[in-house]
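Let's take a walk through this structure together, one part at a time. Have the 3D view open as you read, and turn it whenever a new part comes up.

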2 protein chains.
Amino acid sequence: MAKNMRERILAAASNLFQARGINATGVDTIVAEAGIAKMTLYNHFKTKEDLVLEVVTRRSREFAERISARLDKSVVDPTEKLYKLFDYVGEWLADPQCSGLPFLKASAEFPQPDNPVHQLSAELSQEFRDYITGLAREAGIREPEALGLQLTMLIEGAVLSEQLSKGSNALEHARQAARILIESAKR
Amino acid sequence: MAKNMRERILAAASNLFQARGINATGVDTIVAEAGIAKMTLYNHFKTKEDLVLEVVTRRSREFAERISARLDKSVVDPTEKLYKLFDYVGEWLADPQCSGLPFLKASAEFPQPDNPVHQLSAELSQEFRDYITGLAREAGIREPEALGLQLTMLIEGAVLSEQLSKGSNALEHARQAARILIESAKR
DNA sequence: GTAAAAGCAGACAGAACGGTATAGCCCGGT
DNA sequence: ACCGGGCTATACCGTTCTGTCTGCTTTTAC
């Protein structure tokens, strides 16, 4: 049971943060959702902020690894990976329990640059961008940083648009834009 | 003075929401920043949420009008407007007191779809997208909705990237991507 | 000039916040 | 058999939250 506790707390917190926002979710609510005692939570996490940091990290890494695992497994052609990237983001976005890019939402709730959650979000966002830049580099793009950033912006914008107005088919349009940008960058 | 009170409250709230986030800013803090009595605030706004709604609306409209006013004044060629759009967003973004697109941050802090702030954010986001789609239509783009959404995603993503890691030159890369997309859409 | 409107200061209510303390229970290891 | 560590339940701390009330002063309008 001991090992499960931590996971249960993280899962409960993750769900609540996603549904109501981080600042709007109290410790008591997390405790109730996880079905545990308050002291148990504070036995595993020093403060609420520590819990927030770990939840944000996990969710972001889960997202990134879910995408990259699929890409590594099913695609070999490096350029094809860039296209497939949008397919897999689309699948992730179609999941009804998906609620946006974790590091983006976290950074919006903690705008102050010196805030630990904000700094973590910036790092995770950078990781994601670096990953896409890496894909562009493997695909032999001349300026992989430029295309990587552009594709990242498209994905972030698409996720936001889809969240704000469902059914806008944002990701499909992002994919079409990406194709044009990739082709243009290869020439 | 009576007319100024409202503006002073809105200005103070706007600054604080921008700097610390909406949920993290208490009414007492707003009152202190505005240099007024608490009852004066509640005399002008029924609840904090009412104040939030008006602040978000104003900031979003200010942004949109600042961009569109410049475009209408200085540019005549419809296609050129699409390019200049990124210049003016860039200038707005370079303003050190700028802190992201108001409706995006607000929607992140109030994720629940039935929340009034979230709904307002969705409407304001839609307004912005419609405006850009209108520009695309005037420029004779074949599928203005598609390009409008794509450019919107680029702008939103660029603003986020710039906020999360300053000096990434996100908007410049967004502009380059936009040029490619626009040229491709015109052909 | 005077009365009504609006602003002020500060106390206050009731709830929620993050976090702590305490006392007991249950269960596994030896 | 028993001991210790993790979990529970509950009460509690001080602070902060939104929102209200009151009594007094200033401004505004006619």
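**Around the DNA and between the chains**

A good place to begin is the surface near DNA strand C, where α3(B) makes the biggest contribution, with 4 residues. Before we go further, please keep in mind that this is a predicted model.

What kinds of residues make up the surface near DNA strand C? By class, there are 8 nonpolar, 7 polar and 2 charged residues. In total, 17 residues surround DNA strand C, and those that come nearest are A:Val27, A:Lys38, A:Tyr42, A:Lys48 and B:Thr40. On the DNA side, 56% of the atoms of strand C that come within 4 Å of the protein belong to sugar and phosphate.

Now zoom in on some of these residues. A:Val27 has a backbone N or O atom 2.6 Å from a phosphate oxygen of DNA strand C. A:Lys48 also uses a backbone N or O atom, which sits 2.8 Å from a phosphate oxygen of DNA strand C. With A:Lys38, look at the side chain: one of its polar atoms lies 2.5 Å from a base oxygen of DNA strand C. Stepping back to the elements, two or more residues of the surface near DNA strand C come from each of α3 (38-44) of chain A, α1 (2-20) of chain B and α3 (38-44) of chain B.

Next, let's see how the two protein chains meet. Here 41 residues of chain A are in contact with 41 residues of chain B. Together the two chains bury about 3,200 Å², and 67% of that area is on carbon and sulfur atoms. How many salt bridges are counted between chain A and chain B? The count is 0, while 4 residue pairs are in polar contact, with both residues at pLDDT 80 or more.

Which helices of chain A build the side that touches chain B? At least two residues each come from α1 (2-20), α6 (102-109), α7 (116-138), α8 (144-164) and α9 (170-186). The largest share belongs to α8(A), with 12 residues. Sorted by class, this side of chain A holds 17 nonpolar, 19 polar and 5 charged residues.

Finally, look inside chain A itself. Its domain assignment gives domain 1 (1-45) and domain 2 (55-186). The centres of these two domains, taken over C-alpha atoms, are 28 Å apart. Where they touch, domain 1 of chain A provides 9 residues and domain 2 of chain A provides 11 residues.

Between them, domain 1 and domain 2 of chain A bury about 870 Å², with 47% of it on carbon and sulfur atoms. Three residues stand out here: A:Gln18, A:Ile22 and A:Asn23 supply 57% of the area that domain 1 of chain A buries against domain 2 of chain A, more than any other three residues.

Which residues can we look at for a salt bridge? Find A:Arg58 and A:Glu7, whose side chains meet in one at 2.9 Å, N to O. Across the interface of the two domains of chain A, the count is 1 salt bridge, along with 7 residue pairs in polar contact, both residues being at pLDDT 80 or more. On the side of domain 1 of chain A that touches domain 2 of chain A, the classes are 4 nonpolar, 4 polar and 1 charged.

Key. Residues numbered from 1 in each chain as written. Chains lettered and ligands numbered in written order. Predicted model: local features only at pLDDT ≥ 70, side-chain atom pairs only at ≥ 80, totals over all residues. Heavy atoms only, no water. Contact = heavy atoms within 4.5 Å. Buried area = accessible area lost by both parts, 1.4 Å probe. Salt bridge = Lys/Arg side-chain N within 4 Å of Asp/Glu carboxyl O. Polar contact = N/O pair within 3.5 Å; in protein donor to acceptor, adjacent residues only side chain to side chain. Nonpolar A, V, L, I, M, F, W, Y, C, P; charged D, E, K, R; others polar. Near = heavy atom within 4 Å. Domains from an automatic or database assignment.
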